[in-house]
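Hi,

Here is the model I said I would pass on. Have a look at it first, and my notes follow underneath.

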Amino acid sequence: MRWFYNRMASVSPGLCSENTLSTAQKAKEDGDTESTSSSFSSSDYNYDLEPEWLDDIQKNGELFYLELSEGEEEAALARVAASQCLSTNHVRFSEKEAEVITEQASTQRRGSRRTGEPALKKLARILGRKRRPSQRKGGKDGSRGKATPSPPASILKTQPGQQQDVAVQRRRLKEACVYLNPKRLASSPTPLCERGGLLEALLGVVHRPAWTGGQTDRGAVRQDGRLTVHGLIPNSPAIKCGQILIGDVLLAVDDVDVSPENIERVLSCIPGPTQEEILYQYPVSEASSQLKGVRGIFLTLCDMLENVTGGHIISSSLLLGKHLVHVGYWKERNNLLVVGLPAQRVPLLSLQTVVGDVVRTLKVMYGSLNSAFCKPDHAPRLDHFFCLFFQQLIQPWRLREGSPPPPDVSGSLFLDGLPAVRWLTLPPEIKMEVDTVLSDFESSDFGEMSEDFFGLRRLYVILGSCLFYKSYLIANHLPKEDLLDVCLYCQHFCLLPLASEQRVGQLVIWREVFLQQRASGGLAPGFSQPPGRHFLLIVGLRHFMQCVLLEAGGCASPALGSPGPDCVYVDQVKATLLQLNALEAAMEERLNVPSAPCLSCADWFLPAATTRDRLDSLASSSPVLSKLAGAIRGSPSGHRGRSLFGEKSRKSSPQRSLSDSGSEGPMDAGSGSPAAPGLSPHSTPDSGRRIGGRQDSLGSDGSGGSGGLFKMPRMKHPNPFYLGTLKKTLTDRETEEMYNTIKLTSGTENTLFHYVLMETVQGIFIAPTHREVAQLSGSIHPQLIHNFHHCCLSIRAAFQQNLPARGCRAADRSQRSGWGLGPVKEHGVLFQCKPENWTDQRKPAPTMTYWVIGRMLLEPVPQEFYVCFHDSVPEVPVEMAFRLSFGLGL
Amino acid sequence: MMLPDGSTQLLCLTASSGVPLFTRGASKQLPFSVIGSLNGVHMFGGGQGALLSSCETEGGGKVVWKVFHDSVMLIAVSGGGSSGACSGEEESRLQRLLENVWSCMVLVLGQDELVNLRNIERLKRDLRSCFCLIDKLLEEKHQGVLGNLTHCADSLVPPNPTPLQEAVDGFAQAADSEFGCLFVHGRIVVATEKWWRLAPQEVVLLCALVRTFSASGSASCDYPIFLPQGSPTVAHRLLRFQLLPGVDVCVLCGPTPSLQKAETELVGRFWSPLIETLRSCLAVGERCLPGSVPLRPDVLALLLINRETRRSVSCVQISSHHPLSDSSLSKSRCWELLKLFYIFSISRYFTQEETLCGSPEESTQRSHTEDFLHGFSHQPQQCYLVTEECKSYGLQTQQHQFFLLMLPSVPTFALRTVATQTLADIISATAF
C-alpha cells in the first residue's frame, strides 16, 4: 500500500557521453567485499578465530546478525512455525536470506509490471543490471571494461548478464544533464518517426549509422553498436546543455546503457511531466492494487491543492469497500511517497507522526527517500522494511511469538510517536559505573588493539553511544537528535523488545547511517560539521544492547566503498557489555523495586472480587507478589494482611473513609521499621513495596523485591544531562525528605494509576516499567492503560496542532479570525468505567471515574506530562509533574 | 494560493456528468480547471471502488466531498491558513455544512427536481433561489446561532412561557396547522408539540429560513417549502408574520388559509394581547436565559444542549469592565471559541446525536473522528482545555451536553465545580 512515484516534472535525465581521446578512468566496482577484508588487515586483527558473524556481512558492508541464547533457541525452534521473524535459530538478514524473503515479492512485482507496462519492465531490468551500490558515477565504463563479479544480489540477478566486452579502451566519461520533455513531442507538428526518431526529435542528437565507418550495412552498425553524435539540432535540448559535442558517443541514459538498438525504446520510456512511474510498491495485495489503481488521485491532489490552499497535501481519507483508509503523503523533490493505513488502526490524529517517523527512519538508513527508493537492489530490503512497518501497526501480535495479551496498539502509537526514548533511572552508584564504562569505551583507548598502537590513523571516531537494558535506555552519550535517529532504527527493527523478552546470545548490527541533524546542518549556526560518513554499530549481549555511532572521515581516516564492521570495534563493544554484565543483578534489583512514584491498580477501586480472590490472582500473576502473599497468609498478625489489601476500606466504594486508611500508614511504618519514620504517609495498596520493606527488616536474603523500600529514599537518580538547579539549593536532608514522600497524588490515598513524563530537550521519557504494570494486573487496569494511551494521542495532538505559527505574535493573532483554539497548555478528560460482566441485577454496576490529563510545561525545562489518576482527589497536574520530575531526578 | 485564509468555497456539480451547478462563498471563484479536477478525482475514485471523502493540507486547508442521492455532488474547500484549527474539527464542520446545504436545496426545490435532473439549465436557474440561504450557512457570521453545527434548535428561554405556548397552539390550530412556532431573534421561544417532532435538522433549517425572511424586513410571507426528511417531494406552505421587529411567528400549512386571511384575522386575535410578553422576550435578547438564572461573572460563554428535546441555548457574556478580565476577548472571538470547543469535544470524546440525513450508506461515510471515539475502552464523561485565552469545560450527562468557557483567572481545579454548578443552576431555574 505504498508507492514511491517518480515525477519527471523537471528531472533531467543524465546523459553519459564518452570521448575516446582521453585517459582511462577506472572505478572500483567490487569494493564491497574487498573493503571488508581490508579493514581487518588494517586493524591487525590477529585472533585465531574468526567471529561468527563474519560470513553474514553483505556486499554493501551491512550486517545484521542475531544469535539467541541457548535456552531461547530451543524455545524459538518450538515456535518456529508461528514465528515471522525467526526462521532459524540464527536470524540473519544476510544477502542469502534476503533473497529468499523477496523471491516471491520480486516475482510478483515483475508479474505486475509484465501485465502492465512491458516497456517499463524492460527498462527496470536494464537499470537493475547496471546499477552499482557505490561509485556510480563514471562506473559504467569500468564495469564494461572488465569482467566484474556478479552484481550484488537483487531481484534482477536472474537475468543473465550480457557478454562482457573485454576491450578496455582509453576514454573519458562525462555526464551531461539534459532537460527532456516528451510532452513537447505531441505538440510539435513534425511527425515523430522520421529518420532520426526520438534521438533527434526528443534529444536533438543526430546519429547517422552510415557515417560510422562509411558502411551502410545494418549488420556492421550493430556490431559497432555505438551511438556517435554526428550532429546536433539547433535549439534542441542537447545543444542547449552545451556539454554534448559532435564526436561524443552516447553511452547511457539514466544509467541505462544504450545502443542503436535500444535507444528509441529507452528514450520512449522517459516519463514526461504527467506520466508517473511507480518506483516502489508494497505489498502486493488487493487493497494495495486498488489504491494503486487510483494513484492518479494522489498525484492530482498533490499537484493541485498546493495552489488552492497554499499548503501541500498531508493526508486524505477514502473508503475502500467498507473500510476507511487514511493516506499520508510525503513529498521529496519530485517524488511522492504515499502511505495508506486502515483508519481502524491508525487514527487521522497520529497519521502524520507515523508517516514522519517512517520517513525519518528511511532517511537515517539511506540518506534520502530518493536513494532509498530509486535503487532497484534496495527492493528486497524495502520489502522487509515495510513488512515490519505494517506488521507493527496492523498485526503487532504477529511479531511476537506465542499469544501474549493483545498488544496495546494505542500505546505503541503514542509511545513510539513521542520524540523520546524510554528511560530507566538507576541508583547513582550504578549509574556512575555505567557511565564510566561507557566513557572508557568512547575514549577509544583500545590499548594494543588501537590504531594508535601501530601508529595508524584511526578508522573511526566514536561520536558517542547509548546503552539499553531490557528495552530501557539507561545511559546516553549522544546528542538528542542522534539518539532519536538511532532509536527509530532500533524501534523499527524491533530490537528493543528483543532484548527485553529474550536473552540475546549475540547481536551485531552494522550499517552506514545518515544522521538527520548533521545532514540538515542543524546544530549551532556558523558551526559546520566536518564532512564524514557515519556508521551505526549495535551490539547486544543478553539483556544489554549498546548502540555506537562512529564517524569516518573528518579526524579519522576516510571510509572507502562500503566498509563492513571492524572486529576490533565490535570486540571492544562486546568487552564493554561483558563488563556491564556484572551489573545485571543490580539492574534486576532496580527493576524489581517498584520505583517511585507508587502506582495503584484500577481494579482496587472497584469492588469486583473478594479480597482473597484478588490476593490469589495477584499472587499467581506475579512471582514477587506470590512471595508476599505467602508472607501475608503466614503472618500471625491477621489484620495486617486484611488491611494491606484494603478489604475493609475497599469494599464498597472508592470514596473510602480517610480515617480508616489513614490509620494504617503510621502503624505500618512503625512496626515495619523504625528506621524510616514517616515513610508511608500514603496508605495505599502498594503492597509490594511495603512487604518488601518488611522482609528487608526481617533480614531476608535480599532476593526478589527485598531491600527496595529503604534503599529507595536514598536513591538520588542523578541525571547526566540535567542537574536541577533547584536541587542545589536544597540541603541533603531536604532532598532526602523529598524522596521519602514521593507519592505523586495528594490526599492520604495513592490514586495514581499511570503516568508518562517526557523531557523534550533530552529526548527521553519515563513511564512505569513493564514489570510494575504487570504486577498491577487485573481486568480493568489493562483497559485503563489502553484508554490512557488512546487519550494521550488526542491530548498530544491538541498540543501539537494548536501550536501557534512561528513568528506569530499574540497581538497579530487576536486580530485574525479562524485562528483555532490557540495553544493548549493543559487538557484533561474524565472517564468512567464499570466492571465487566456485572451480573447482580439488584444493584446497578459500581462505577469508577478517573482523569487522564496532559500538561505542557516550558519551565523549568520543556516537558510534556501525561497522568492518569482516580477521580477522588482534585489534582493540580503542574504540581504533579513537578513532583514527578523532581523526584526522578530529571 | 487561490483561496484566502480561513474562507470556504462550496462547489455543486451534477454527480454523473460533473456539470457545475453553482459555486458559492469566497470572494474569488476557483478556476474551472480546479473545480473540474476536484470533481474528477472523486469520480475517478468512485469508479475504482475508492471513494474519496476528505483531504487535508498543511496549514489546515481541507477538502470534503459528498454525493447526495447519486445525483448531486457537493464539495467544500476551506482555505486553511488558520494555523490552528485541528483537522478533525474543520472536517466535522465541513461535513455538517454539506449536509445542511443539501437539505437546504431540498427545502427550496424539493427532492424530485434535484434527483431527476431533467433539465440542467432550468435547475441552475432554480437553484439561485437557494443562494440566500446557502450564503447564510457559509458565512457563519450570525453570532449566537450554533444550530447548523449542533443540529439542535437554538432556543430562547422566556421568563413566562405559558401564555406564549397557549397562543402558539391556538394560532396554529386556527390556521389549520399542527406546526406553529414563535421566534425571537431567530431563536425558538415556543412551538407546538408537532413542530418539535420535525427532524432536528429541519427545525434548524426552518430557523435559518425564518431568519433570512426576518432580516429582509418584510411583514409577512407565504413560501412553499419541502421538508427534507418529512416531506421531500410534497411542498407545504410556510406562513410567516412579523409580530414585532425581531419577533416572528410561523405555521406550516396546506392550501388554506390564505396569507391575507391569516394575517388580518388570526394574527391580531392571538398575538396583540401578548405584546408586552413578547417585549419581555426581546429583552432577554442574546442571553437566551431569563434574568432569573444567575451566571457567574467569570463565565465567558456557554452552550447547553438538551439531548432529548434537541434544543440548545447559548450565550456569550462579555463584561468589558470586568475587574478580572485583562484579556481583550471580543464577542465574536468568544463565539468562535465556543464553536471550536464544541467541535473539539464532539469530534473526540462525546457522541453527537445521529442526524437522519441521507441513506444508510451515507451514514457509513461518517467523519473519521468517530473512529477515534470508538477507540476508547471507557466512556469519556467530561473534558477541559486550558488555553491562553480561556479555560473551557465540557461535560455530558444522559440528558445534557454542556460547554462552558471561563476566564483564564478561574483556577483549573475549580472548573469542574463551576461547570456542574452552573449547569445545575440553569436546569433548576428553567427546567430546560
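**A pair inside one helix**

B:Glu99 and B:Arg96 join their side chains in a salt bridge, at 3.7 Å from N to O. Keep in mind as you read that this is a predicted model. Both residues belong to helix 2 (residues 87–109) of chain B, where they are 3 residues apart, about one turn of the helix. Are they buried or exposed? B:Glu99 is buried, with a relative accessible area of 4%, and B:Arg96 counts as buried too, at 6% relative accessibility.

**Other salt bridges**

Over all chains, the structure holds 28 salt bridges. Two in chain A caught my eye.

One is between A:Arg360 and A:Glu481, whose side chains meet at 2.9 Å, N to O. A:Arg360 is in helix 13 (residues 348–366) of chain A and A:Glu481 is in helix 18 (residues 480–492) of chain A, so this contact ties together parts that are 121 residues apart in sequence. A:Glu481 is partly exposed, its relative accessible area being 22%.

The other has A:Glu584 and A:Arg542 as partners, with 3.2 Å between the closest N and O atoms. Here a helix meets a strand: A:Glu584 comes from helix 22 (residues 584–592) of chain A and A:Arg542 from strand 19 (residues 532–542) of chain A, and the two residues are 42 apart, so the pair links distant parts of the chain. The two ends of that bridge do not get one label: A:Glu584 counts as buried at 8% relative accessibility, while A:Arg542 is partly exposed at 32%.

There is also a network in chain A, where salt bridges that share partners join A:Glu62, A:Arg381 and A:Arg511.

**Charges over rings**

A:Arg511 turns up again here. Its charged end sits over the ring of A:Tyr366, 5.5 Å from the ring's centre. In chain B, B:Arg24 lies over the face of B:Phe131, and the distance to the ring centre is 4.2 Å.

**Aromatic pairs**

How many aromatic pairs does a search of the whole structure find? The count is 37 over all chains.

One of them is A:Tyr460 with A:Tyr569, an edge-to-face pair with 5.3 Å from centre to centre and 85° between the planes. This pair links distant parts of the chain, 109 residues apart. A:Tyr460 is in the loop between helix 17 (428–442) and strand 16 (461–469) of chain A, and A:Tyr569 is in helix 21 (residues 567–581) of chain A. Both rings belong to buried residues: A:Tyr460 has a relative accessible area of 3%, and A:Tyr569 is at 1%.

A:Tyr489 and A:Phe493 make a tilted pair, 4.7 Å centre to centre, with 40° between the planes. A:Tyr489 is buried at 3% relative accessible area, and A:Phe493 counts as buried at 12%. These two also belong to one aromatic cluster, whose members include A:Phe64, A:Tyr280, A:Tyr282, A:Phe373 and A:Phe390.

**A sheet that runs across both chains**

Which strands make up the open sheet of 12 strands? The order is 15(A)-22(A)-21(A)-25(A)-24(A)-23(A)-14(B)-15(B)-16(B)-12(B)-13(B)-6(B), and the pairing is mixed. At the edges are strand 15 (421–422) of chain A and strand 6 (153–154) of chain B, each of which pairs on one side only.

The chains meet in this sheet where strand 23 (residues 824–833) of chain A pairs with strand 14 (residues 379–387) of chain B. That pairing is antiparallel and spans 8 bridges. If you want a spot to centre the view on, A:Val829 stands opposite B:Cys383 in strand 14 of chain B.

**How chain B is divided**

The domain assignment splits chain B into domain 1 (7–140), domain 2 (158–287) and domain 3 (299–350 + 377–430). Between domain 1 of chain B and domain 3 of chain B, the C-alpha centres lie 31 Å apart.

There is a UniProt annotation on this chain as well. An unreviewed entry gives "domain: FUZ/MON1/HPS1 second Longin" for residues 177–271 of chain B. In the model, that stretch of chain B is 37% helix and 42% strand, with its end C-alpha atoms 17 Å apart.

Cheers

How values were computed
Residues numbered from 1 in each chain as written. Chains lettered and ligands numbered in written order. Predicted model: local features only at pLDDT ≥ 70, side-chain atom pairs only at ≥ 80, totals over all residues. Heavy atoms only, no water. Domains from an automatic or database assignment. Salt bridge = Lys/Arg side-chain N within 4 Å of Asp/Glu carboxyl O. Helix = DSSP H or I, 4+ residues; strand = E, 2+ residues; numbered from the N terminus. Buried < 20%, exposed > 50% of the residue type's maximum accessible area, 1.4 Å probe, protein only. Pairing = 2+ DSSP bridges. Phe/Tyr/Trp six-rings, centres within 6.5 Å; stacked < 30°, edge-to-face > 60°. Lys NZ or Arg CZ within 6 Å of the ring centre and 35° of its normal. UniProt positions renumbered as here; feature names shortened; annotations may be inferred.
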